[in-house]
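Visitor: I have a model on screen and some labels to go with it. Can you take me through the reasoning behind them?

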Amino acid sequence: LEGHHLVTNPMPDRLTEILDGLQARLEGGLRGNRSAVTHPGARGEASEEDWLRVLNDHLPQRYQANRAFVIDSHGECSEQIDIVIYDRQYSPFLYNQANQRYVPAESVYAVLEVKQDLSREHVFYAGQKAASVRRLHRTSAPVPHVEGVAKPRPLPRIVAGIVTYQSSWTPPFGAPFRDALAGLAADHQLDLGCSLLHGAFEVRYPSPGTLDLAAVEGPRSLVQFLLRLLKQLQSLATAPAIDYEAYLARFQADDGATR
């Protein structure tokens, strides 16, 4: 109408509402576990299940997240990893029984350690777990496609990180945290992580002995972490094709078989 301005309410930011709701649900679940479950081992298991549920609900279906061991074609095995993010589309389980999962090293995109607190001790522990996976032997086979055969792809670096309920440092990502990261050997390095109550972080290692730390403090730690994880997974593309001959050779050697 002339002389009047139509006032409209701004549209709500639906994406922000959804992501804030996701943050609140996980934070509430973990807080409830800390209150209801007093045994440290049981509390840790409950936390792992919460993180696994969030990841499997929100990662693209080409990925799967589970507690697992990682094994290679030489028969070497990692320590048990709280969260292994691995290829769901092209890679098999080598063993899956009674919650004991073994996945081939070639299928692994990322490994995460779950702890209640972000501390120097837990940073080094997560690095040790990551190293037990990164040290495994990985094959890479040629990939047939409609126009021929693609060369074996170079092996990507396995992403490693840590997820916790809170940080034991004040501030959570200050100099002591940076010093802990700087003290990790190359195969122990952590690439990203989340302290649910305090924030998320991502690390780059441009050259030996140096690191670039991007840390975001605040209430949207889970959203920050998930988006940074998805970005890193996207950069890895598809897992290398497994050279099944290498695994067959291992069985043949054990059985004394000849070709």
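Visitor: What makes F69 count as buried or exposed?

Guide: First, a caution: this is a predicted model. F69 has a relative accessible area of 16%. Buried means under 20%, so F69 is buried.

Visitor: And why is Y102 called partly exposed?

Guide: The relative accessibility of Y102 is 23%. The partly exposed class runs between 20% and 50%. Y102 therefore falls in that class.

Visitor: How many aromatic pairs are there?

Guide: The count comes to 7 aromatic pairs. One of them joins F69 and Y102: the ring centres are 5.0 Å apart and the planes sit at 15°. Rings pair if their centres lie within 6.5 Å, and planes under 30 degrees apart count as stacked. So this pair is stacked.

Visitor: Which parts of the chain does that pair link?

Guide: Distant ones. F69 is in strand β1 (residues 63-71) and Y102 is in strand β4 (residues 100-104). The two residues are 33 residues apart.

Visitor: Which residues do ring pairs link into a cluster?

Guide: W169, F173, F177 and F201. F177 also appears in the largest nonpolar core.

Visitor: Which members of that core touch the most other members?

Guide: V84, V111, V123, F177 and L181, out of 30 residues. Several elements each supply at least two residues, among them β1, β2 (81-87), β5 (108-118) and α3 (120-134). β8 (159-167), α4 (175-182) and β10 (199-204) do so as well. α3 gives the most, with 4 residues.

Visitor: What is V123 in contact with, leaving aside its neighbours within four places in sequence?

Guide: L118, I162, W169, F177, A180, L181, L184 and L190. Apart from this core lies another, of 29 residues, including L59, A65, A200 and F225.

Visitor: F225 belongs to helix α5. How do you know that the span of α5 agrees with its 15 residues?

Guide: Helix α5 covers residues 221-235. At 1.5 Å a residue, the helix should span 21 Å. The C-alpha atoms at its ends are 21 Å apart, so the two values agree.

Visitor: Which residues of α5 are buried?

Guide: S221, L222, V223, F225, L226, R228, L229, Q232 and L233. In general, an α-helix has 3.6 residues a turn, so residues three or four places apart point the same way. Just after α5, A237 takes a positive phi of about 60°.

Visitor: Now the empty space. What makes a space a cavity or a pocket?

Guide: In a cavity a 1.4 Å probe fits but cannot get out, whereas a pocket is open. The count comes to 1 cavity of 30 Å³ or more. The largest cavity has a volume of about 40 Å³, so it passes that cut-off.

Visitor: Which residues line the largest cavity?

Guide: Among them are I81, V111, L112, E113, A126 and K129. A130, A160, G161 and L190 line it too. β5, α3 and β8 each supply at least two residues of this lining.

Visitor: And what volume does the largest pocket have?

Guide: About 230 Å³. The largest pocket is lined by 12 residues, and I71, D72, L94, Y247 and F251 lie nearest its centre. Helix α6 (residues 244-255) gives the largest share of the lining, 5 residues.

Visitor: How many helices and strands does the chain have?

Guide: There are 6 helices and 11 strands. Buried residues make up 44% of the 259 residues. Among contacts with a separation of 6 or more, 70% come from residues 24 or more positions apart.

Technical notes
Residues numbered from 1 in each chain as written. Predicted model: local features only at pLDDT ≥ 70, side-chain atom pairs only at ≥ 80, totals over all residues. Heavy atoms only, no water. Expected span 1.5 Å × (residues − 1). Buried < 20%, exposed > 50% of the residue type's maximum accessible area, 1.4 Å probe, protein only. Phe/Tyr/Trp six-rings, centres within 6.5 Å; stacked < 30°, edge-to-face > 60°. Core = buried A, V, L, I, M, F, W, Y, C linked by side-chain atoms within 4.5 Å. Contact = heavy atoms within 4.5 Å. 1 Å grid on protein atoms, 1.4 Å probe; cavity = no way out; pocket = protein on both sides within 12 Å on 5 of 7 lines; lining within 4 Å. Points joined across faces, edges and corners; volume = space filled by probe spheres on them.
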